[in-house]
Amino acid sequence: MAVAYGLRKPRQHLVIGGVDVFDEYGAVMTDGYDLGSPEPKTYTVDVPGGNGYVDLTDALTGDCVYGAREQTFELLFPTAGFWPTYRRFKAAFHGRAFDYQVLGIDGEGTYHGRFSVAEHYARATYGVVKLKVEAEPFRLVGVVLETVAAGGGAELRVQAGRCPVKPVFHTRRATAVSMDGRTAELPAGNWSLDWLWIGDVPNVVFIDSAPDQYGNVTISKIGNTVMSNVAARRVCDLSWDKKPSGQAYDVQVTYDVKEL
C-alpha cells in the first residue's frame, strides 16, 4: 500500500472494481473530474421537396436510446515512490472494464466502464494520473426485491428508472403474469419476459400463483351488478373468502433501477 503522507481520507474518492484507490494506492481524487452525459442516438429522415424532417428517434423502442458516457478523472499520488505505485496502478486498471463508484459525489450510483490511463506526470514528491472511462450510459442506483403473496391473484405496482428493464419473476409453482392485456404462464423457476419491460412510468402487474384453482365464492354470491362493474382482477379478489397462502404461493420480483 502506498503511503499518503498521513493524509486524512478525502470525502470524494474512487472505488474501482471494489478497490478503494485511496486505501490501496494513496491516490487522492482531485476536483478535475467530468462525469459526462451520454449522447442521445437520434435518427432523422429528410423530407424531399418539403420543409423540415421526420424524427424517427423513438420509432423502434418508443423512447430515446443513448451512446457511451465519456468520463475523466484526475488522481494525485502524494508520495515520493510514485513510479512503482503508478506501474502497479496501471497494471491493475488500464484497458480493463469494471463496476465503479464515485463516492462523495454520486454515492448512490454504480457505473460500469472501461478504463484507460490517459496521461501522467511526476515531480519529486508526487505524481498525477489522468483517467478516461468509456462508460455505459446508465448508472445503477438500486435493486428492488418484492415478495408478493400471489395465491388467488395479486396486483404489484412497479416502477424502475429512466432505463427500461425486465423484471425477473422467481416462482415456486405454475404462475400467470399479466400486464397491459398480455399474459404469460410461467412454470416454477426464474423468468423474465421479452414483452414485459418497465421504466420510469408506473405499471401494474397482475400475478396469480394459483391459476389452476378457482375461488370458493360463487358468481351468484358476487352478484351480476358487481360483476359488470369490476375488472377481472377485482373479480378474482371477490371470488375468494380466503385465498391460497403460504411460501409455495409467494412470488419474488426483482429488477434494477438505473438512471442517467
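## A tour of salt bridges, a four-stranded sheet and selected contacts

Begin by selecting D212 and R173, whose side chains form a salt bridge with the closest N and O atoms 4.0 Å apart. D212 lies in the loop between β18 and α3 (219–222), and R173 lies in the loop between β14 and β15, so the salt bridge ties together parts of the chain that are 39 residues apart in sequence. Colouring by accessibility shows D212 as exposed, with a relative accessible area of 55%. Please note that the model on screen is a predicted one.

**Further salt bridges**

The structure holds 7 salt bridges. Select next K166 and D194, which form another of them, with the closest N and O atoms 3.4 Å apart. K166 belongs to the loop between β13 and β14 (168–171), whereas D194 belongs to the loop between β17 (189–191) and β18; the pair therefore ties together parts 28 residues apart in sequence. The two partners fall into separate accessibility classes: K166 is partly exposed at 29% relative accessible area, while D194 counts as exposed at 66%.

Now move towards the start of the chain and select K9 and D23. Their side chains meet in a salt bridge at 3.1 Å, N to O. K9 sits in the segment before β1 (13–16) and D23 in helix α1 (residues 21–25), so that the salt bridge links distant parts of the chain, 14 residues apart. Both side chains belong to partly exposed residues: K9 has a relative accessibility of 36%, and D23 has one of 34%. Add D20 to the selection, since salt bridges that share partners join K9, D20 and D23 into one network.

**The open sheet**

Select the strands β13, β18, β15 and β16 and display them as a cartoon. In that order they make up an open sheet of 4 strands with antiparallel pairing. Which strands stand at the edges of the sheet? They are β13 (154–158) and β16 (182–186); each has a single partner strand, so one side of each is left without a neighbour in the sheet. On average, neighbouring strands here are turned by 25 degrees against each other, direction ignored.

For a view inside the sheet, restrict the selection to β15 (residues 175–179) and β18 (residues 203–208). These two strands pair in the antiparallel sense over 3 bridges. Within this pairing, label S178 and F206: S178 stands opposite F206 in β18.

**T254 and its surroundings**

Continue to T254, which is placed in strand β19 (residues 250–259). Show side chains here: with which residue does the side chain of T254 make a polar contact? The partner is the side chain of H170, at 3.1 Å. Expanding the selection around T254 brings in the residues it touches, namely V144, L145, P167, V168 and H170, when residues up to four places away in sequence are not counted. H170 thus appears both as the polar partner of T254 and in the list of residues that T254 touches.

**Last stop: G81**

Finally, select G81, found in the loop between β8 (69–77) and α2 (82–93). G81 counts as partly exposed, at 32% relative accessibility. Add Y126 and draw a distance between the two C-alpha atoms: they are separated by 8.0 Å, although G81 and Y126 are 45 residues apart along the chain.

Definitions and conventions. Residues numbered from 1 in each chain as written. Predicted model: local features only at pLDDT ≥ 70, side-chain atom pairs only at ≥ 80, totals over all residues. Heavy atoms only, no water. Pairing = 2+ DSSP bridges. Axes fitted to C-alpha atoms, helices over the stretch in contact; angles between N-to-C directions. Buried < 20%, exposed > 50% of the residue type's maximum accessible area, 1.4 Å probe, protein only. Polar contact = N/O pair within 3.5 Å; in protein donor to acceptor, adjacent residues only side chain to side chain. Contact = heavy atoms within 4.5 Å.
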